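Me: I am new to this structure and would like a close look at a single part of it, the sheet and the charged side chains that go with it. Please take it slowly and connect each point to the next.

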Amino acid sequence: MKMKKTVLGSLFKKPATLMYPVIPREYPEISKGHIAVDMSACILCGICARKCPTHAIQVDRASKTWTIERMRCIQCRCCTGYCPKNCLTMENSYTAPSTGKTVDSYTAPEPEEKKEPVAEQ
């Protein structure tokens with residue numbers, strides 16, 4: 001009889017939980033997520049790698065790659081504040097859970113060569 005009150009009360013209320021796979025969660029604007037990089041704006045200066053307290057970011061100018069270890073990153077936003085080109089941002093989605101090391105590597109695009117117009121005579 002004690003459960004009767006709870007069951008009848010729950011029939012007329014919205015569910016307390018979300019149907020997660022069907023309805024994805026909406027994160028608030030101030031939530032920390034994961035670092036996203038815009039490689040078209042990145043100059044591979046390495047300031048983000050030097051300012052990262054956990055050394056989760058590696059920048060290799062020779063091979064033009066920018067690498068981040070997702071499970072080492074603590075989402076402190078230090079790298080986003082020091083980036084001179086503002087190519088690092090915090091996204092609202094989180095890194096998927098994993099049992100192993102998650103390393104994301106990005107390659108800078110090749111600069112386009114400017115073609116000079118040919119003068120006609």
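Reply: A good place to begin is Arg72, which counts as partly exposed at 38% relative accessibility, with the caution that everything said here describes a predicted model. Arg72 forms a salt bridge with Glu69, and the closest N and O atoms of the two are 3.9 Å apart. The two partners differ in their surroundings, for Glu69 is buried, with a relative accessible area of 13%, whereas Arg72 is partly exposed. The value for Glu69 falls below the 20% under which a residue is called buried, while the 38% of Arg72 lies between that limit and the 50% above which a residue is called exposed.

This salt bridge belongs to a set, as the structure holds three of them. In another, the side chains of Arg70 and Asp104 meet at 2.7 Å, taken from N to O. Arg70 lies in the loop between S3 and helix H3 (78–82) and Asp104 in strand S5, so this pair ties together parts that are 34 residues apart in sequence. Here the arginine is the buried partner, with 7% relative accessibility for Arg70, and Asp104 is partly exposed, with a relative accessible area of 24%.

The remaining salt bridge is made by the side chains of Lys64 and Glu110, with 4.0 Å from N to O. The pair links distant parts of the chain, 46 residues apart, since Lys64 is in the loop between strand S2 (57–60) and strand S3 (65–69), while Glu110 is in the segment after S5. Lys64 is partly exposed, with a relative accessible area of 30%, and Glu110 is exposed, with a value of 61%.

The strands named so far come together in one arrangement. S2, S3 and S5 form an open sheet in the order S2-S3-S5, and the pairing is antiparallel. The edge strands are S2 and S5, each of which pairs on one side only, and the twist from one strand to the next averages 15°. As a general matter, the strands of a sheet pair through backbone hydrogen bonds, either parallel or antiparallel. Between S2 and S3, which run antiparallel, there are four bridges, and Val59 has Trp66 in S3 as its bridge partner.

On the other edge of the sheet, strand S5 covers residues 103–107 and includes Val103. Which residues does Val103 touch, once those up to four places away in sequence are set aside? Val103 touches Thr67, Ile68 and Glu69, and this last residue is the salt-bridge partner of Arg72. Val103 is itself partly exposed, with a relative accessible area of 43%. The C-alpha atom of Val103 is separated by 9.3 Å from that of Ala56, although the two residues are 47 apart along the chain.

The loops that lead into and out of these strands have points worth checking in the view as well. His55, in the loop between helix H2 (47–51) and S2, has a positive phi of about 55° although it is not a glycine. Arg77 shows a similar feature, a positive phi near 70° in a residue other than glycine, and its place is in the loop between S3 and H3, which is the loop that also holds Arg70. Arg77 is partly exposed, with a relative accessible area of 35%.

For completeness, another pair of strands deserves a look. Strand S1 (residues 34–37) is joined to S4 by four bridges, and the two run antiparallel, with Ala36 standing opposite Thr89 in S4. In a regular strand the side chains alternate between the two faces of the sheet. In S1, His34 and Ala36 point one way and Ile35 and Val37 the other way, and all of them are buried. Strand S4 (residues 88–91) presents another picture, with a covered face made of Leu88 and Met90 and an uncovered one made of Thr89 and Glu91.

Notes:
Residues numbered from 1 in each chain as written. Predicted model: local features only at pLDDT ≥ 70, side-chain atom pairs only at ≥ 80, totals over all residues. Heavy atoms only, no water. Buried < 20%, exposed > 50% of the residue type's maximum accessible area, 1.4 Å probe, protein only. Pairing = 2+ DSSP bridges. Contact = heavy atoms within 4.5 Å. Axes fitted to C-alpha atoms, helices over the stretch in contact; angles between N-to-C directions.
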